[in-house]
Amino acid sequence: MIKLTKLNGDEFVLNAELIRFVESRPDTYITLDGHERVIVREALEEVVARCLAYRRALQLSKLAA
């Protein structure tokens with residue numbers, strides 16, 4: 001799960017496992033499984049960084065278990 005911000009300033013948490021792809025148009029569009037689309041304030045690079053951090057944390061928790 002990654003924390004993001006909608007264009008109106010509302011924060012929300014997105015299941016990173018559902019992301020199909022991320023585009024910069026110049027707003028950042030996130031397309032999910034099922035083709036639902038979310039537009040966020042974070043830059044594409046930040047969304048990718050948060051997804052990678054989420055995946056690393058998930059792998060570390062599996063190793064610790």
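Q: What makes β3 and β4 count as paired strands in this predicted model?
A: Two strands pair if at least two bridges link them. β3 and β4 (residues 28–32) are joined by 5 bridges. The cut-off is therefore met, and the two strands count as a pair. They run antiparallel. One of the residue pairs is V22 with I30, the latter in β4. A hairpin of 3 residues connects β3 to β4.

Q: How do you know that β4 and β5 pair as well?
A: The same test applies: at least two bridges are needed. β4 and β5 share 4 bridges, so they qualify. Their sense is antiparallel. T28 has V40 of β5 as its bridge partner. T31 has R37 of β5 as its bridge partner. The hairpin between β4 and β5 holds 4 residues between the strands. There, G34 takes a positive phi near 85 degrees.

Q: Why are β3 and β5 called edge strands?
A: The sheet is open, has 3 strands and follows the order β3-β4-β5. β3 (19–24) and β5 (37–40) each have a single partner strand, so one side of each lacks a neighbour in the sheet. From one strand to the next, the twist averages 20 degrees.

Q: What makes β4 largely enclosed?
A: Buried means under 20% relative accessible area. In β4, 5 of the 5 residues are buried, so the rest of the structure largely encloses the strand. Both faces are covered. T28, I30 and L32 are buried on one side, and Y29 and T31 are buried on the other.

Q: How do you know that the side chains of β5 alternate?
A: V38 and V40 point to one face, and both are buried. R37 and I39 point to the other face and are not buried. The two faces of β5 therefore fall on opposite sides of the 20% limit.

Q: What lies across the sheet strands, and at what angle to β3?
A: Helix α1 (residues 44–64) lies across β3, β4 and β5. It runs at about 155 degrees to β3.

Q: Why is the charged end of R25 said to sit over the ring of Y29?
A: For an arginine, CZ must be within 6 Å of the ring centre and within 35 degrees of the ring normal. The charged end of R25 is 4.6 Å from the centre of the Y29 ring. The distance limit is met, and R25 is listed as sitting over that ring.

Q: What makes K6 and F12 a case of the same kind?
A: For a lysine the test uses NZ, again with the 6 Å limit. The charged end of K6 sits over the ring of F12, 5.7 Å from its centre. That value is within the limit.

Q: How many aromatic pairs does the structure hold?
A: Rings pair if their centres lie within 6.5 Å. The search of the whole structure finds 0 such pairs.

Q: What makes up the protein as a whole?
A: There are 1 helix and 5 strands. From the N terminus the order is β-β-β-β-β-α. Of the 65 residues, 28% are buried. The C-alpha atoms fill a box of roughly 40 × 25 × 20 Å along the principal axes. The accessible surface is about 4,500 Å², with 53% belonging to carbon and sulfur atoms.

Methods: Residues are numbered from 1 along each chain as its sequence is written. This is a predicted model: local features need pLDDT of at least 70, side-chain atom pairs count only at pLDDT 80 or more; totals for chains, interfaces and linings use all residues. Side-chain values use heavy atoms; hydrogens and water are left out. Axes are lines fitted to C-alpha atoms, for helices over the stretch in contact, and angles run from 0 to 180 degrees between N-to-C directions. Contact means heavy atoms within 4.5 Å. Rings of Phe, Tyr and Trp (its six-membered ring) pair if their centres lie within 6.5 Å; planes under 30 degrees apart count as stacked, over 60 as edge-to-face and the rest as tilted. Buried means under 20% relative accessible area, exposed over 50%, partly exposed in between (1.4 Å probe, protein chains only). Accessible areas come from the Shrake-Rupley method with a 1.4 Å probe; for residues, only the protein chains shown count as cover.
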